[in-house]
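Trainee: I'd like to learn how to read charged pairs and helix packing in a model like this one. Can we go through it together?

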Amino acid sequence: MPKFQISEEEHKAIKALEKKTKDKNISKRLNVLLLRHEGATIAEIHEKLDLHTSTISKICSRYRQQGLEEFARNKYTSHSWAMTYEEEEKILEQFAEKAEKGQQITVSEIKAEFDRIRGKDTGRGYIYMLLKRHGWRKLMPRSKHPKAADTETCEVSKKLNPPSWTNSKNIHP
């Protein structure tokens, strides 16, 4: 099988880009091209880089079809945001003004405004992630449990049941 054919200029460009990139996936793809150019077989590359043999062939083919710039671009981002960061920030600015005035803001209010601007229904989980992404947090936890008895009932209960101390040896003879 003939070795992977690329010009010396392409080889230098691939080598320079591989040294410069910080993305491990792009680096791995560029290493496949470099190893193929140096004459390594697909089986050798499979052993060295732990890639499936068909993936190695596809990487070489994609490089030929797309060119170096498109091939080395990371097209796989790890987020699926409904809006850009700046658009989200713009929506949250109006709520920031309310928060600075000491008004209470709920997630349902933010969700309603987000849905109105976007024109689609958005899940509440997305809104919570949006708030976390922009550095929002709850400033004060609830001061008491919502189902707790009122203070008067607690005081009466204390008077009815004074603490008593007993020796555990007297309970179990």
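Mentor: Sure. Let's begin with a cut-off: a residue counts as buried when its relative accessible area is under 20%, as exposed when it is over 50%, and as partly exposed in between. Keep in mind that this is a predicted model.

Trainee: Okay, so is Glu 88 buried or exposed?

Mentor: Glu 88 has 0% relative accessibility, so it counts as buried.

Trainee: What does Glu 88 form a salt bridge with?

Mentor: First the general idea: side chains of opposite charge can pair when their charged atoms come close. Here, Glu 88 is bridged to Arg 133, and their closest N and O atoms lie 3.0 Å apart. The two come from distant parts of the chain: Glu 88 sits in helix α5 (residues 85-100) and Arg 133 in helix α7 (residues 124-133), 45 residues apart. Arg 133 counts as partly exposed, because its relative accessibility is 24%.

Trainee: How many salt bridges turn up in the whole structure?

Mentor: A full search gives five. One of them joins the side chains of Lys 98 and Glu 109, at 3.6 Å from N to O. That pair also links distant parts of the chain, with Lys 98 in helix α5 and Glu 109 in helix α6 (residues 107-118), eleven residues apart. Lys 98 has a relative accessible area of 31%, so it is partly exposed. Glu 109, at 29%, is partly exposed too.

Trainee: And what about Lys 111 and Asp 115, how far apart are they in helix α6?

Mentor: They are four residues apart, which means about one helical turn separates them. Their side chains meet in a salt bridge of 2.8 Å, N to O. Both Lys 111 and Asp 115 are buried. There's a network here as well: salt bridges link Lys 111, Asp 115 and Asp 121.

Trainee: Now helix packing. At what angle do α1 and α4 pack?

Mentor: For a pair of helices, look at the angle and then at who touches whom. Helix α1 (residues 8-20) packs against helix α4 (residues 53-72) at about 40°, and their axes are 11 Å apart. The two helices are therefore oblique to each other, and their crossing is left-handed.

Trainee: Which residues make the contact?

Mentor: From α1, Glu 10, Ala 13, Ile 14 and Leu 17; from α4, Tyr 63, Arg 64, Leu 68 and Ala 72. Sorted by class, that contact has six nonpolar residues, two charged ones and no polar ones.

Definitions and conventions
Residues are numbered from 1 along each chain as its sequence is written. This is a predicted model: local features need pLDDT of at least 70, side-chain atom pairs count only at pLDDT 80 or more; totals for chains, interfaces and linings use all residues. Side-chain values use heavy atoms; hydrogens and water are left out. Axes are lines fitted to C-alpha atoms, for helices over the stretch in contact, and angles run from 0 to 180 degrees between N-to-C directions. Angles under 35 degrees count as roughly parallel, over 145 as roughly antiparallel, 65 to 115 as roughly perpendicular and the rest as oblique. A crossing is left-handed if the near helix is turned anticlockwise from the far one by less than a right angle, and right-handed if clockwise. Contact means heavy atoms within 4.5 Å. Ala, Val, Leu, Ile, Met, Phe, Trp, Tyr, Cys and Pro count as nonpolar, Asp, Glu, Lys and Arg as charged, and the others, Gly among them, as polar. A salt bridge is a side-chain nitrogen of Lys or Arg within 4 Å of a carboxyl oxygen of Asp or Glu. Buried means under 20% relative accessible area, exposed over 50%, partly exposed in between (1.4 Å probe, protein chains only).
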